[in-house]
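Let's look at a protein together and ask how each description of it is earned. Keep the definitions in mind as we go.

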Amino acid sequence: MYKYKLTILGLVFSVFLYITTILLELDLFEQFIVFLRSMDHLELDEIILPFLLFCVFLFIDMRRHSKKVQVENAKLNIYKAMLSSSHHILNNFIYQMDIFKLTAEDTPGFDAKVLAFYEDIISNASHQIDSLSNLSEIDEFSIRTSVMG
């Protein structure tokens with residue numbers, strides 16, 4: 001219903017205008033023609049068809065732009081949902097890997113260099129996830145640079 005509020009508003013105004021012209025016995029079209037004849041010296045009647053043609057093309061252009069914006073917004077919403085889901089999955093993985101780290105730390109003779117390397121890997125992955133989640137502009141270049149840097 002919200003998507004068609006202007007259509008409904010236009011319908012209400014049209015019905016109101018129709019009922020008003022019937023009740024007051026007005027012939028608005030004839031009055032419009034008389035008005036155009038009175039303005040004939042200004043040549044306004046010759047502007048009507050080009051103006052209507054312009055309005056048709058303006059409407060088509062605005063409609064195409066609106067569709068394009070809707071598609072871009074849908075892509076953005078899908079990207080955000082995918083990113084949120086990936087973020088959740090990767091965080092669960094990191095938390096589960098922390099259990100293995102704790103076990104490795106408690107295991108006697110486990111190489112400390114491997115644990116340090118593990119810490120670097122987890123830290124790097126966490127940083128990439130956070131930088132990907134905090135993008136200000138969502139385009140291919142921004143996504144690639146946030147993961148690389």
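Q: How many helices and how many strands are there in the protein?
A: The protein has 5 helices and 0 strands. Here helices (H or I, at least four residues) and strands (E, at least two) are DSSP runs, numbered from the N terminus. This is a predicted model, where local features need pLDDT of at least 70 and side-chain atom pairs count only at pLDDT 80 or more, while totals for chains, interfaces and linings use all residues. Residues are numbered from 1 along each chain as its sequence is written, and side-chain values use heavy atoms, with hydrogens and water left out.

Q: What is the radius of gyration of the protein, set against a compact globule of 149 residues?
A: The protein has 33 Å, whereas such a globule would have a value near 15 Å. The radius is taken over C-alpha atoms, and the globule rule is 2.2 Å times the number of residues to the power 0.38. Along the principal axes, the C-alpha atoms fill a box of roughly 100 × 35 × 15 Å.

Q: Why is threonine 21 called buried?
A: Its relative accessible area is 15%, so threonine 21 is buried: the word means under 20%, with exposed over 50% and partly exposed in between (1.4 Å probe, protein chains only). Of the 149 residues of the protein, 10% count as buried.

Q: Where is threonine 21, and which residues does threonine 21 touch?
A: Threonine 21 sits in helix H1 (residues 5-23). Not counting residues up to four places away in sequence, threonine 21 touches Leu26 and Leu28, where contact means heavy atoms within 4.5 Å.
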